[in-house]
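Grab a pencil and work through a few exercises on one protein model. Try each task before you read its solution.

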Amino acid sequence: MNLPSLARFSERLLAPLYSTPPTRSHNTESIAIEGRNLSFSFASRQVKFVPILRDCSIRIPSGQFWMLLGPNGCGKSTLLKILAGLLNPTSGEVCVKGPKSFVFQNPDHQVVMPTVEADVAFGLGKFNLTNDEVRSRVSRALHAVGMSDYMQRSVQTLSGGQKQRVAIAGALAEACKVLLLDELTTFLDENDQMGVIRAVRNSLDTSAEVTALWVTHRLEELEYADGAIYMEDGRVVKHGDAASIRSFIEARQAAYIEEINS
């Protein structure tokens, strides 16, 4: 059962609590994704600069599955696109292990070949691989996302969730170290939703070298995460383990409901 959507949060009634950006530690923990003091603005006809991100800092350890949550319009997708290199920040620094892959919300923007096998193999053309190496990579990637039995299937016969898993398999076949996943389950039914998220979780469990950052509105998906980041109004509010982030969000939801009912 889905918990209340974060999109129904109201920053107007709940003043944001801005956390201190994470600082560098002196341990040997490997960091796969790091953004330091990231800001992003764009110009509009009415206003010279419209701020979208405000001094955001995040650090995500290698081999972990993290989620990025927050109300609609808080800057989640913008932050993800900056980490992917699709947008340049107005200020700040980005350091993301490569190779990396951005998986779109709509799989039809990414799954382009007629069959599952051909689509997963499509990106391997840029590597100097033998046919046996290509087949091996495709097989391992489809196994990781639970799609081995669909290798010869037409892409057009797949559900939305299955197409998402094929897109993820394509990234894994290219040996991507970082997966950046933009609200993949927004338009999926419950079965497809769970299939996609389990595919990502299994991909990380079978390879300690893969790290994933997943944008979502769904609190129940935090069950599969190692850590999470919560944003409001273009800022990182809280950054930590999944259980503490879920408790924090639920407390704010309860406070919001109490406020509007009082």
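The exercises below go from the whole chain to helices, rings and backbone oddities.

**Ground rules**

This is a predicted model, so local features need pLDDT of at least 70 and side-chain atom pairs count only at pLDDT 80 or more, while totals for chains, interfaces and linings use all residues. Residues are numbered from 1 along each chain as its sequence is written, and side-chain values use heavy atoms, with hydrogens and water left out.

**Exercise 1. Take stock of the whole chain: count its helices and strands, then find the share of buried residues.**

Step 1: The protein chain has 6 helices and 9 strands. Helices (H or I, at least four residues) and strands (E, at least two) are DSSP runs, numbered from the N terminus.

Step 2: Of the 262 residues in the protein chain, 47% are buried. Buried means under 20% relative accessible area, exposed means over 50%, and partly exposed is in between (1.4 Å probe, protein chains only).

Step 3: Now look at contacts, meaning heavy atoms within 4.5 Å. Among those in the protein chain with a separation of 6 or more, 73% join residues 24 or more positions apart.

**Exercise 2. Check the span of helix α6, then work out which of its residues are buried and what they pack against.**

Step 1: The expected span of a helix is 1.5 Å times one less than its number of residues. For the 20 residues of α6 (residues 242–261) that gives 28 Å, and the end C-alpha atoms are 29 Å apart, which agrees.

Step 2: The buried residues in α6 are Ala-242, Ile-245, Phe-248, Ile-249, Arg-252, Gln-253 and Tyr-256. They sit on the same side of α6, because they cover an arc of only 135° around the axis. The arc is that of the directions from the helix axis to the C-beta atoms.

Step 3: Packed against these buried residues of α6 are β3 (65–69), β8 (227–232) and β9 (235–241). On the face turned away from the buried side you'll find the exposed residues Ala-243, Glu-258 and Asn-261.

Step 4: Check the N-terminal end of α6 for a cap. Asp-241 does the job, with a side-chain oxygen 3.2 Å from the backbone nitrogen of Ala-243.

**Exercise 3. How many aromatic pairs are there, and what is the geometry of the pairs Phe-65 with Trp-214 and Tyr-230 with Phe-248?**

Step 1: Set the rule. Rings of Phe, Tyr and Trp (its six-membered ring) pair if their centres lie within 6.5 Å; planes under 30 degrees apart count as stacked, over 60 as edge-to-face and the rest as tilted. The count comes to 3 aromatic pairs.

Step 2: Phe-65 and Trp-214 have ring centres 5.9 Å apart and planes at 80°, so this pair is edge-to-face. The pair links distant parts of the chain, with Phe-65 in strand β3 and Trp-214 in strand β7 (residues 211–215), 149 residues apart. Both Phe-65 and Trp-214 are buried.

Step 3: For Tyr-230 and Phe-248, the centres are 5.8 Å apart and the planes are at 65°, so this pair is edge-to-face too. Tyr-230 is in strand β8 and Phe-248 in helix α6, 18 residues apart. Tyr-230 is buried at 0% relative accessibility, and Phe-248 is buried at 17%.

Step 4: Look for a charge over the ring of Phe-248. The charged end of Lys-238 sits over that ring, 5.7 Å from its centre. The cut-off here is NZ of Lys or CZ of Arg within 6 Å of the ring centre and within 35 degrees of the ring normal.

**Exercise 4. Hunt down backbone oddities: which peptide bond is cis, and where do Asn-37 and Asp-55 lie?**

Step 1: Start from the usual case. Most residues other than glycine have a negative phi, and most peptide bonds are trans.

Step 2: The bond from Gly-98 to Pro-99 is cis, with omega near -5°. Pro-99 lies in the loop between β4 (91–96) and β5.

Step 3: Asn-37, in strand β1 (residues 31–42), has a positive phi near 55°. Asn-37 is partly exposed at 40% relative accessibility.

Step 4: Asp-55, in strand β2 (residues 50–61), has a positive phi of about 55° although it is not a glycine. Asp-55 is partly exposed, with a relative accessible area of 38%.

Methods: Polar contact = N/O pair within 3.5 Å; in protein donor to acceptor, adjacent residues only side chain to side chain.
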